[in-house]
Amino acid sequence: QVQLVESGGGSVQAGGSLTLSCAASGLTFSRLCMGWFRQAPGKEREGVASIYIGDRIPNYADSVKGRFTISQDNAKNTLYLQMNSLKPEDTAMFYCAAIVSGGNYCRQRLKPNEFGYWGQGTQVTVSS
């Protein structure tokens, strides 16, 4: 049974930081393309960052470059998203997603329909 379980969301003031975690099970972690997505009320789900677990090469949306860092802990089968310099416009439900793939597939993958497995989401609220 495939499971992606996010945690770490919360409420912070603008300029603050949060780290999200996504624990993966039921899949071979090293063969995953994994990503973080977010969806604000009334808006479409958008890709934030993705990474191929096998080679750790990341990919970021322009809106978060320099502020967010995607990383992994292979021993824990866990994906992270370190978010710094948070802005009110970062407020959204954040989702972890994954798909079994090769490294080449994962390059520049930030569209929701490019991922097959999803977590339940964790809320991030940034106040001004």
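## Exercises on a predicted chain

At 47% relative accessibility, Arg 56 counts as partly exposed. This value, like every other one below, is computed from a predicted model.

**Exercise 1.** Classify Arg 56 by its accessibility, then describe its place in the chain and its backbone angle phi.

*Solution.* Step 1: a residue is called buried under 20% relative accessible area and exposed over 50%, with partly exposed in between. Step 2: the 47% of Arg 56 falls in between, so Arg 56 is partly exposed. Step 3: Arg 56 sits in the loop that links strand 5 (46-52) to strand 6 (57-60). Step 4: its phi is near 60°, a positive value in a residue other than glycine.

**Exercise 2.** Carry out the analysis for Asn 77, and state whether the residue is buried, partly exposed or exposed.

*Solution.* Step 1: locate Asn 77 in the loop between strand 7 (68-73) and strand 8 (78-83). Step 2: read its phi, which is positive at about 50° although Asn 77 is not a glycine. Step 3: the relative accessibility of Asn 77 is 26%, so this residue counts as partly exposed.

**Exercise 3.** Determine the strand in which Leu 79 lies and how far its C-alpha atom is from that of Leu 20.

*Solution.* Step 1: Leu 79 belongs to strand 8. Step 2: with a relative accessible area of 0%, Leu 79 is buried. Step 3: Leu 79 and Leu 20 are 59 residues apart along the chain, yet 8.2 Å separates their C-alpha atoms.

**Exercise 4.** Describe the surroundings of Arg 38, including the polar contacts of its side chain.

*Solution.* Step 1: Arg 38 is part of strand 4 (residues 32-39). Step 2: its relative accessible area is 7%, which is under the 20% limit, so Arg 38 is buried. Step 3: the side chain of Arg 38 forms a polar contact of 2.6 Å with the side chain of Glu 46. Step 4: another polar contact, of 2.8 Å, joins the side chains of Arg 38 and Asp 90. Step 5: leaving aside neighbours within four places in sequence, the residues in contact with Arg 38 include Val 48, Val 64, Phe 68, Ala 92 and Phe 94.

**Exercise 5.** Place Ala 98 in the chain and name residues that it touches.

*Solution.* Step 1: Ala 98 is found in strand 9 (residues 92-100). Step 2: Ala 98 has 0% relative accessibility, so it counts as buried. Step 3: not counting residues up to four places away in sequence, Ala 98 touches several residues, among them Leu 4, Cys 33, Met 34, Phe 115 and Tyr 117. Step 4: Leu 110 lies 12 residues from Ala 98 in sequence and 11 Å from it in space, C-alpha to C-alpha.

**Exercise 6.** Summarise the chain: its helix and strands, its compactness and its contacts.

*Solution.* Step 1: the chain has one helix and 11 strands. Step 2: along the sequence they follow the pattern β-β-β-β-β-β-β-β-β-α-β-β. Step 3: the radius of gyration is 13 Å, close to the 14 Å that the globule rule gives for 128 residues, so the chain is as compact as a globular protein of that length. Step 4: the C-alpha trace spans about 40 × 25 × 25 Å along its principal axes. Step 5: buried residues make up 45% of the 128 residues. Step 6: among contacts with a separation of 6 or more, 60% join residues 24 or more positions apart. Step 7: the chain exposes about 6300 Å², of which carbon and sulfur atoms supply 46%. Step 8: the mean positions of its 12 positive and 9 negative charges are 3 Å apart.

Conventions
Residues numbered from 1 in each chain as written. Predicted model: local features only at pLDDT ≥ 70, side-chain atom pairs only at ≥ 80, totals over all residues. Heavy atoms only, no water. Helix = DSSP H or I, 4+ residues; strand = E, 2+ residues; numbered from the N terminus. Buried < 20%, exposed > 50% of the residue type's maximum accessible area, 1.4 Å probe, protein only. Polar contact = N/O pair within 3.5 Å; in protein donor to acceptor, adjacent residues only side chain to side chain. Contact = heavy atoms within 4.5 Å. Rg over C-alpha atoms; globule rule 2.2 N^0.38 Å. Areas by Shrake-Rupley, 256 points an atom, 1.4 Å probe, with all protein chains shown as cover. Lys, Arg positive; Asp, Glu negative; His and termini not counted. Charge placed at Lys NZ, Arg CZ, Asp CG, Glu CD.
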